[in-house]
Amino acid sequence: MGWWDHVLLAPKDPITSVTEAFLSDQSPFKLNLGVGAYRDDKGKPVILECVRRAAEKISCCEILESTKATTKSKFVQDCVKLAYGNHSNVVGEGRFAGVPALSGTGACRLFAEFQKRFYPDSQMFLPMPTWSNHHDIWRDSQVCTRTYRYYDPNSKGLQFQALMNDIKNAPGRSFFLLHPCAHNPTGVDPNYEQWKEISHIFKIKNHFPFFDMAYQGIASGDLERDATAIRIFLEDGHLLGCAQSFSKSMGLYGHRVGCVSIVSRDEKQATAIKSQLQQIVRAMYSSSPVHGPLLVSTILNDADLKALWEEEVKFMVDRLIRMRITLRRTLEELNSSASWEHITKQVGMFYFSGLSPEEVHQLQRDFHIYMTIDGRIRVRRNGCKIGSLREYLPHLVSK
Ligand code: PMP
């Protein structure tokens, strides 16, 4: 047998395979609702004005020199302030350990590696459903995953009681991954009171919450409000982990900018945790690129740029909400007896349609409309394509 003869084709990633199928479709009417990236009315990527200005501001600085630890710790400090709150005790007392990460994916992976290193027999509980890569990240880090109930396909909302039961029935001191806002793929989040109850039961069970925050700002249009879940847990005195991403909220997809942080008991513990995270990074890819973190720090530390960013996030979210309203109205105008309320109740970039895999295939085959197999649709505007969707929808709504 020759070298690598035993290497078989890896199974396709459920999200990138949608893009591949879309690209190979020759129809001029094709429409990609699969990929999770914000686009303008023409389907083009959006570069935020605050990012353009920050890029100008740092264009003459010595980026190559900036592998300096101070640039990185400043960035981490800025990230944790954004997640935990400007006036959080955790930040004031230096009770956090964090490192820059290769966006949200890298942040999750670093945490999974860290979990494996210090709790080798632990498991990670993931919501059902969740972003498909969560399963792969913890699998590749050799941490077993289990699921907890989250979304109810019948009500198209949260299965709160089942979720609470699963948290209650998990072995004490378990790890749980929570989406603090704009849950991917469902767009369904617990409300304030429900988060309080979740935090309370975590306290009783002594579970460790790991928040994967890929969409801060993108749920409500307000960065502070979208951090409510994390703030509730902090108020209740939890130690927790947090992955942050600037892909969506600053449109920095290609720059891969993120941060992983862990709230610790005291500064001494934080120093130890940070040194271990740094060691994991060192052996994996030495250190992360510095241009993206510099862009983010520049925006977060300049009052005008920060205000501009907040405005731009709000604009994106208001536009997503308007598109949801249009989609719901379009469907309701077809005189369907089904309820479409969930379209405007869900938040974030995705509409979790409830379409079956067969229906998803049919839309792809007959109408060249692409989405993930679980029926997740990226909310996007495209008037002319609504026409073909209209043709299809009577089949759907008369079911
Ligand atoms: N977590 C969740 C829940 C996500 O939806 C995503 C992006 N789809 C990520 C993490 C990672 O995104 P990125 O690596 O682009 O920051």
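What covers the buried residues of H9? Let's hold that for a moment and set the scene.

This is a predicted model. Please keep that in mind throughout.

Back to helix H9, residues 228–235. Its buried residues are Ala229, Ile230, Phe233 and Leu234. Look down the axis of H9: those buried residues fall within an arc of 135 degrees, so they line one face of the helix. Now the cover. It includes two helices written early in the chain, H3 (69–84) and H4 (89–92). It also includes helix H8 and the strands E7, E8 (208–213) and E9 (241–245). Just after H9 comes Gly237, with a positive phi of about 80 degrees.

Next, a second helix, H2. It spans residues 49–58, and its buried residues are Cys50, Val51 and Ala54. Seen down the axis of H2, these fall within an arc of 95 degrees, so they too line one face. What sits on the face turned away from that buried side? Two exposed residues are there, Arg52 and Glu56. The buried residues of H2 have cover that includes H11 (291–300) and H12 (303–332).

Stay with H12 briefly. Arg322 is found in this helix. Is Arg322 buried or exposed? Arg322 has 12 C-beta neighbours inside 10 Å, so it counts as exposed. Arg322 also brings us to Arg381. The two are 59 residues apart in sequence. In space, C-alpha to C-alpha, Arg322 and Arg381 are 9.6 Å apart.

Now the strands. Start with E3, residues 123–128. Strand E3 pairs with E4 in the parallel sense, over 6 bridges. Take one bridge: Met124 has Thr145 as its partner in E4. How do the strands connect? E3, H6 and E4 make a right-handed β-α-β unit.

E3 has another partner, E7. This pairing is also in the parallel sense, over 2 bridges. Here Phe125 stands opposite Phe176 in E7. A reminder as you look at these residues: in a regular strand the side chains alternate between the two faces of the sheet.

For an antiparallel pair, go to E2 and E10. Strand E2 covers residues 96–102, and 7 of its 7 residues are buried. E2 pairs with E10, residues 257–263, over 7 bridges in the antiparallel sense. Phe96 stands opposite Val263 in E10.

On to the ligand. Which residues surround the ligand? Here is the list: Gly36, Ser103, Gly104, Thr105, Trp131, His179, Asn184, Asp212, Ala214, Ser245, Ser247 and Gly258. By class, that shell has 2 nonpolar, 9 polar and 1 charged residues. Which helix gives the most to the shell? That is H5, residues 103–118, with 3 residues.

Let me pick out Asn184. Besides being one of the residues around the ligand, Asn184 is joined to Pro185 by a cis peptide bond. Omega there is near 15 degrees. Pro185 is found in the loop between E7 (175–178) and H8 (192–205).

There is a cis bond between Met128 and Pro129 as well. Its omega is about 0 degrees. Pro129 has its place in the loop between E3 and H6 (132–140).

Last, some backbone angles in loops. Gln142 has phi near 60 degrees, a positive value in a residue other than glycine. Where is Gln142 found? It is in the loop between H6 and E4 (144–149). Gln142 has 11 C-beta neighbours inside 10 Å, so it counts as exposed.

Ser286 also has a positive phi, near 65 degrees, and again this is a residue other than glycine. Its loop runs between H10 (267–285) and H11. Ser286 is exposed because 8 other C-beta atoms lie within 10 Å.

To wrap up, keep three pictures. H9 and H2 each line up their buried residues on one face. E3 pairs in the parallel sense with E4 and with E7, while E2 and E10 pair in the antiparallel sense. And Asn184 is both among the residues around the ligand and at the start of a cis peptide bond to Pro185.

Key:
Residues are numbered from 1 along each chain as its sequence is written. This is a predicted model: local features need pLDDT of at least 70, side-chain atom pairs count only at pLDDT 80 or more; totals for chains, interfaces and linings use all residues. A residue is near a molecule or strand if its C-beta atom, placed from the backbone, lies within 6 Å of it. Helices (H or I, at least four residues) and strands (E, at least two) are DSSP runs, numbered from the N terminus. Ala, Val, Leu, Ile, Met, Phe, Trp, Tyr, Cys and Pro count as nonpolar, Asp, Glu, Lys and Arg as charged, and the others, Gly among them, as polar. A residue is buried if 20 or more other C-beta atoms lie within 10 Å of its own, exposed if 12 or fewer, and partly exposed in between; C-beta atoms are placed from the backbone. The arc is that of the directions from the helix axis to the C-beta atoms. Two residues are in contact if their C-beta atoms, placed from the backbone, lie within 7 Å. Two strands pair if DSSP finds at least two bridges between them. A crossover is right-handed if, with the strands pointing away from the viewer, the path from the first strand over the helix to the second runs clockwise.
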